[in-house]
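Student: Could you show me how to read helix packing and pockets in a protein model?

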Amino acid sequence: MMELTPKLDSNSKEPLYIQLYNFIRQEIEIGNLVAYTKLPSKRKLSENLQVSQNTIEAAYEQLVAEGYIEGIPRKGYFVCKVDQTFSNLKESIIYIKEEAYEDNVAFDFTQTGVDGPSFPFSIFRKISNDVLRDENKHLLRIGHPQGEYGLREAIASYLYESRGVRTSPSQIIIGSGTPTLIRLLFKLLKGSLYAVEDPGYHQRLVTFEKGYENVRLIPLDDDGMVVSKLEDSSADIAFVTPSHQFPCGMIMSIARRNQLLNWAQKKEERYIVEDDYDSEFRYSGKPIPALQGLDSQGRVIYMGTFSKALLPSLRISYMVLPKPLIEKYHENHFRFVQSVSRLDQEVLKRFMQEGYWKKHINKMRVVYSKKRDVLVSAISTYFPDSIEIIGLDAGLHLLVRPNNGMAEQELIERAAKYGIKVYSVSEYGKNDYQTIMLGFAVLSEKEIPTAIQLLVKAWMG
């Protein structure tokens, strides 16, 4: 049996038994206390260290619980044989420097944010307080796998009025973001070949989930996905963003929509996934009905989100499934737990039912229309005539091509030197590598012209 001589500090905020525990553990880990060594008895160590036996017992019990020592009745406490892997757990932990999530930039042309001053904080606070005050015990349970019926009912009503989408609440599935719903969709569409727009939002996700061998990249023209190329691809499922193609910004014409529907109807189990991610914001011409509203054969899977029009961090999206797929969902996947907080669903349901959603959309359409106009005006005013503006009729972003000979990465780096963050188009697929994405939802009307003048210095100076 050996003597233990830890330095215990009675003035430390750390309890004495923790100090003793840490000392003995460290001695074992570095090899000073080898396996099978007998430790001093609680009484003797208590006398030597001038602390209570309860302190010694608490330290020993913790060491026993973690497997560093063992107590043998009528014999005392002995050091256990500790594997090298176990004893070096602390040393084996690797700390990796995380990349900063938010850049410290003066002007951020992100396309994922919303106009902060316009968010209805007071209304959301009132509804949230009402929901919690009502003591709705049903909110404590997980809830329906497809999402709360009342919210699905409100979504169905809104989609019919605004987009001509024909659906019942029972066809709608709510999920925490579009990628979550797409992954569920893959389970319903096993064995399919997938066509995606090139460039396009879905390209990376679909390729990551299904592999390059199961994905076909379909080029675009001024009307959207080229259907003749889709025909040649042998794909069964086509992902499209017809209301505002992401990232290029074109709006799919009625003629092209009909071609796409005809493609889907030529073969059993062909489907079109229509991602209507920001259809609320169209600034010129009459609204074009959703593909789903034109579909008479049940070949369109409609997807929408509250991220663009309301709040990205809310993470609520929805999917409308045709009858065969919703039946397959109920047969095989109905027991999947709903991924959206029931409390958030209840708040959003009341926000829609009480008329606040429509008022908010109408307000934001005006706000974003003005911002877009300011952005286009600033680009036209401060840049030379050679710059091109692409895709400005809808949505919350547009593309610019400075035509100054700089490649995409150089344009991004030059902008960053002036405290401006602009965004790549090439990460979404095929591109000329000289085009930049500018979102305008987050910046104010006063900030936009200042940021554009700085971009002129960065790109033309």
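Tutor: Happy to; we will take two helix pairs and then a pocket. Keep in mind that this model is predicted.

Student: At what angle do helix 15 and helix 17 pack?

Tutor: Angles between helix axes under 35 degrees count as roughly parallel. Here the angle is about 30 degrees, and the axes are 9 Å apart. Helix 15 and helix 17 are therefore roughly parallel to each other. The crossing of helix 15 past helix 17 is right-handed.

Student: Which residues meet there?

Tutor: From helix 15, Lys 371, Val 374, Leu 375, Ala 378, Ile 379 and Tyr 382 meet Ile 448, Pro 449, Ile 452, Gln 453 and Val 456 of helix 17. By class, that contact has nine nonpolar residues, one polar and one charged.

Student: And how does helix 16 sit against helix 17, parallel or oblique?

Tutor: Again, start from the angle: about 125 degrees, with the axes 9 Å apart. That value lies outside the parallel, antiparallel and perpendicular ranges, so the pair counts as oblique. Leu 411, Arg 414 and Ala 415 in helix 16 touch Leu 455, Ala 458 and Trp 459 in helix 17. Five of these contact residues are nonpolar, none is polar and one is charged.

Student: What lines the second largest pocket?

Tutor: To read a pocket, look at its volume, then its lining. This one has a volume of about 350 Å³. Its lining has 20 residues, with Ser 162, Arg 163, Ser 279, Glu 280 and Arg 365 nearest the centre. Helix 7 and helix 15 each supply at least two lining residues. The lining divides into eight charged, seven nonpolar and five polar residues.

Technical notes:
Residues are numbered from 1 along each chain as its sequence is written. This is a predicted model: local features need pLDDT of at least 70, side-chain atom pairs count only at pLDDT 80 or more; totals for chains, interfaces and linings use all residues. Side-chain values use heavy atoms; hydrogens and water are left out. On a 1 Å grid over the protein atoms alone, a cavity is a set of points where a 1.4 Å probe fits but cannot get out, and a pocket is an open set with protein on both sides within 12 Å along at least five of seven lines; lining residues have an atom within 4 Å of a point. Grid points are joined across faces, edges and corners, and a volume is the space filled by probe spheres set on the points. Helices (H or I, at least four residues) and strands (E, at least two) are DSSP runs, numbered from the N terminus. Ala, Val, Leu, Ile, Met, Phe, Trp, Tyr, Cys and Pro count as nonpolar, Asp, Glu, Lys and Arg as charged, and the others, Gly among them, as polar. Axes are lines fitted to C-alpha atoms, for helices over the stretch in contact, and angles run from 0 to 180 degrees between N-to-C directions. Angles under 35 degrees count as roughly parallel, over 145 as roughly antiparallel, 65 to 115 as roughly perpendicular and the rest as oblique. Contact means heavy atoms within 4.5 Å. A crossing is left-handed if the near helix is turned anticlockwise from the far one by less than a right angle, and right-handed if clockwise.
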